[in-house]
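Colleague: Got a minute to walk me through this one? I'd like to go through it piece by piece.

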Amino acid sequence: MVRIIGGLVGLAFAVMAFVGFISTTVGAIKEPEKPTAEHEFHKGPKELKLASNGVFGRFDNQQLQRGFQVYKEVCSACHSLKLVAFRDLQQIGYSEAEVKAIASQWAIETPAPNPETGEMATRKNLASDRFPAPFANDIAARAANNNAVPPDLSLMTKARHDGPAYVYSLLTGYQNQPAELLRKFPDAKTPKGLHYNPYFANLNLAMAPPLTSNGQVQYTDGTQPTVNQMATDVAAFLTWTAEPKLQTRHAAGWASVLFLVIFCFLTWGAYKSVWRDKKH
C-alpha cells in the first residue's frame, strides 16, 4: 500500500511538471517576449590581447605600471581599490622606497582618529595601508556622481564576463546613440546626464568617458599614450589586482600536470612489471 501511494504521489508531481512545461511553452509561443533596445543593441566585449591571457600567460610588469599610472591619474578620482595595499605594488616591479613614496604622496589620506583629541582626522598613507576610498561614504559618492556609486575596481575583471576585455571595451566604447536605435525604440533615448555605451548592460552609463584624448597620461617608458593603449594598460592592471597570484597558479597547474604524467608512466611501468608473467 505504501509503495502504491508513493507511486501515485510521484506520478502526480510528474504530471504537474509536464503541465507546467506545456503551459510555459504555449505562453512563450502565443506571447513572445517583446524586443528591447538592450537586447538588440548591447554588444559583447571586443577582443583584447594581454600577456596574461591563456594558460601560459604572464604579467608584463611594465604594462602593469603604465596601467597603475592610468588608474592613479584618471580612475582613482572616483573608483576605489579597497582590496589592494600599496605594498602590493612591489609585485609589479616597484621598489620598497618607491612604494613608500607612492603611499605618502597619494592624494587621499587614510582616515585615522587624532591620538590627542580622539576626533576623526587623516594621516599620510603607509605602505601597509590599502588604497583609501575617494569618498567618505555612498551618500558622498552619489552626490558627486549623478546619483551613482562608482564601483570598487579591485575585483572588477573577475566580476564581469571576460573582465579585461569588458573594461577595455567600456573605456573605448562611448559613442552617440545610433539613429536606428532611436527609430526602433523612440522611448530609449539616453536620459540627460547619462552616456550611451553599447558595451554596458543597459546601454546608458552614469560615468562620463574617462579617457577622452591621446596623451591624457604621459608615459615615461616611451609608449605612445593613445586612448586604446591607456585602456589596454589599465585593463591589464585591473586584471592583476583581481588575480595577483595568476602566475603562481599557472606554475602550480603545470607542475601538477607534469606530476600526473610522470605518475601515469610509473604506474604503467609498475603494472607491466608486476603482471609480466601472468596471462590476462
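Colleague: Which elements do the buried residues of H7 pack against?
Modeller: Keep in mind that this is a predicted model. Packing here rests on contacts, meaning heavy atoms within 4.5 Å. By that criterion, the buried residues of H7 have three partners: helix H6 (156-159), strand E4 (204-205) and helix H9 (227-242).

Colleague: And how many residues of helix H7 are buried?
Modeller: The cut-off for buried is under 20% relative accessible area. Residues that pass it in H7 include Gly-163, Pro-164, Tyr-166 and Leu-170. Helix H7, residues 163-172, is largely enclosed by the rest of the structure, because the buried count is 10 of the 10 residues.

Colleague: Let's move to Asp-129. Is Asp-129 buried or exposed?
Modeller: Asp-129 sits in the loop between strand E2 (120-123) and helix H5 (138-144). Its relative accessibility is 11%, and the cut-off for buried is under 20%. So Asp-129 counts as buried.

Colleague: Which side chain does the side chain of Asp-129 make a polar contact with?
Modeller: Leaving out residues up to four places away in sequence, Asp-129 touches Ala-85, Phe-86, Thr-110, Arg-123 and Lys-124. A polar contact needs a pair of N or O atoms within 3.5 Å. At 2.7 Å, the side-chain partner of Asp-129 is Arg-123.

Colleague: What about the loop between H5 and H6: is Asn-147 exposed or buried?
Modeller: Asn-147 lies in that loop between H5 and H6, and its phi is positive at about 70° although it isn't a glycine. Asn-146 is found there too, with a positive phi of about 55°, and is partly exposed at 44% relative accessible area. Exposed means over 50%. At 55% relative accessibility, Asn-147 therefore counts as exposed.

Colleague: Zooming out, what radius of gyration does the protein chain have?
Modeller: Along its principal axes, the C-alpha trace spans about 80 × 70 × 50 Å. A compact globule of 280 residues would come in near 19 Å, but the protein chain has 28 Å.

Colleague: Last one, on electrostatics: how far apart are the mean positions of the positive and negative charges?
Modeller: The chain exposes about 18200 Å², with carbon and sulfur atoms supplying 60% of it. For the charges, there are 28 positive and 23 negative ones in the protein chain. Their mean positions are separated by 10 Å.

Note on methods. Residues numbered from 1 in each chain as written. Heavy atoms only, no water. Rg over C-alpha atoms; globule rule 2.2 N^0.38 Å. Areas by Shrake-Rupley, 256 points an atom, 1.4 Å probe, with all protein chains shown as cover. Lys, Arg positive; Asp, Glu negative; His and termini not counted. Charge placed at Lys NZ, Arg CZ, Asp CG, Glu CD. Helix = DSSP H or I, 4+ residues; strand = E, 2+ residues; numbered from the N terminus. Buried < 20%, exposed > 50% of the residue type's maximum accessible area, 1.4 Å probe, protein only. Polar contact = N/O pair within 3.5 Å; in protein donor to acceptor, adjacent residues only side chain to side chain.
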